[in-house]
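Biologist: Hey, have you got a few minutes to walk me through this model? I'm new to reading structures, so plain words please.

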Amino acid sequence: MASDIETDGEEAPQRRGPRLGPQFGRRLWQVLAVVALVAAVAVAVVWTQRERIADDYIQQILTESGIEASYEIESIGPEVQVLRNIVIGDPAHPDATIERVEVILSPKLGMPQMDRVVVHQARLWGRVVDGKISFGALDPLIFT
């Protein structure tokens with residue numbers, strides 16, 4: 001029995017998958033533009049809220065460490081972050097005061113890495129209690 005299709009010795013053209021038309025390219029660019037716009041808006045929101053985010057993070061660390069402290073945020077940038085007027089412990093009789101702290105970061109993939117911490121005019125008060133030195137509110141950090 002002969003087949004219904006005769007091929008004269010040539011192979012039939014093979015299909016290589018669906019053909020993507022000009023609509024696909026246009027649609028792809030539209031999707032990429034929307035994704036880029038959403039990413040830009042997200043970065044802008046995080047950038048405008050960076051001081052609040054940094055303040056929340058610092059407060060969380062201080063609370064977890066059990067340290068009473070006050071400070072002012074001077075600037076928060078991608079490479080340098082500056083805090084000033086830092087008072088650790090009871091404000092009336094602080095255990096430490098620091099006029100200014102600069103944290104210098106280096107950008108890395110993922111989280112930035114801390115390169116240096118520059119401390120300006122730091123004063124630390126300590127006392128000897130029962131033969132042991134104490135720095136008050138800083139003891140949980142120093143003597144762990």
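Biologist: Let's start with β2 and β3: how many bridges join them, and do they run parallel or antiparallel?
Modeller: They run antiparallel, with 8 bridges joining β2 to β3. Keep in mind that this is a predicted model.

Biologist: Can you show me one of those pairs? Which residue in β3 is the bridge partner of Val-82?
Modeller: That's Glu-102.

Biologist: And how many bridges join β3 to β4?
Modeller: 10 bridges, and those two strands run antiparallel as well. As an example, look at Ser-106: its bridge partner in β4 is Gln-113.

Biologist: What's in the hairpin of β3 and β4?
Modeller: There are 6 residues between the strands, and Gly-110 takes a positive phi near 85 degrees there.

Biologist: Let me go back a bit. How do β1 and β2 pair?
Modeller: In the antiparallel sense, over 6 bridges. β1 and β2 form a hairpin too, with 3 residues between them. If you want a place to look, find Ala-69, which stands opposite Ile-88 in β2.

Biologist: Okay, zoom out for me. How many helices and strands are there in the chain?
Modeller: 3 helices and 6 strands. Reading from the N terminus, the order is α-α-β-β-β-β-β-β-α.

Biologist: What share of the chain counts as buried?
Modeller: 19% of the 144 residues. β3 is worth a look here: 9 of its 11 residues are buried, so the rest of the structure largely encloses this strand.

Biologist: Does anything in β3 stick out a little? Say, is Arg-100 buried or partly exposed?
Modeller: Arg-100 sits in strand β3, and it is partly exposed because its relative accessible area is 24%, while buried means under 20%.

Biologist: Which residues is Arg-100 in contact with, leaving aside its neighbours within four places in sequence?
Modeller: Glu-74, Val-82, Leu-83, Arg-84, Val-118, Val-119 and His-120. You can also check Asn-85: it is 15 residues from Arg-100 along the chain, and their C-alpha atoms are separated by 6.3 Å.

Biologist: Switching topic: what about the largest pocket, what volume does it have?
Modeller: About 1400 Å³. It is lined by 38 residues.

Biologist: Which of them lie nearest its centre?
Modeller: Tyr-57, Ile-58, Gln-81, Leu-83 and Val-103. Leu-83 may ring a bell, since it is one of the residues that Arg-100 is in contact with.

Biologist: And which element gives the largest share of the lining?
Modeller: α2, with 8 residues. Several other elements chip in with at least two residues each, including α1, β1, β2, β3, β4 and α3.

Biologist: What's the lining like by class?
Modeller: It has 32 nonpolar, 3 polar and 3 charged residues.

Biologist: Since α2 came up, how far apart are its end C-alpha atoms?
Modeller: 23 Å. Helix α2 has 16 residues, 50–65, and at 1.5 Å a residue it should span 22 Å, so the two values agree.

Biologist: What comes just after α2?
Modeller: Gly-66, which takes a positive phi of about 75 degrees.

Biologist: Which residues other than glycine have a positive phi, then?
Modeller: Gln-121 is one of them, with phi near 50 degrees. You'll find Gln-121 in strand β4. Asp-130 has a positive phi of about 50 degrees as well, and it isn't a glycine either.

Biologist: Where does Asp-130 lie?
Modeller: In the loop between β5 and β6.

Biologist: And is Asp-130 buried or exposed?
Modeller: Asp-130 is exposed, because its relative accessible area is 78%. Gln-121 counts as exposed too, because its relative accessibility is 59%, and the cut-off for exposed is over 50%.

Biologist: Last one: where does Trp-47 lie, and what does Trp-47 touch?
Modeller: Trp-47 lies in helix α1. Not counting residues up to four places away in sequence, Trp-47 touches Ile-76, Gly-77 and Pro-78. Trp-47 and Gly-77 are 30 residues apart in sequence, and 8.9 Å apart in space from C-alpha to C-alpha.

Biologist: How open is that Trp-47, buried or partly exposed?
Modeller: Partly exposed, because its relative accessibility is 43%.

Note on methods. Residues are numbered from 1 along each chain as its sequence is written. This is a predicted model: local features need pLDDT of at least 70, side-chain atom pairs count only at pLDDT 80 or more; totals for chains, interfaces and linings use all residues. Side-chain values use heavy atoms; hydrogens and water are left out. Helices (H or I, at least four residues) and strands (E, at least two) are DSSP runs, numbered from the N terminus. The expected span of a helix is 1.5 Å times one less than its number of residues. On a 1 Å grid over the protein atoms alone, a cavity is a set of points where a 1.4 Å probe fits but cannot get out, and a pocket is an open set with protein on both sides within 12 Å along at least five of seven lines; lining residues have an atom within 4 Å of a point. Grid points are joined across faces, edges and corners, and a volume is the space filled by probe spheres set on the points. Ala, Val, Leu, Ile, Met, Phe, Trp, Tyr, Cys and Pro count as nonpolar, Asp, Glu, Lys and Arg as charged, and the others, Gly among them, as polar. Two strands pair if DSSP finds at least two bridges between them. Buried means under 20% relative accessible area, exposed over 50%, partly exposed in between (1.4 Å probe, protein chains only). Contact means heavy atoms within 4.5 Å.
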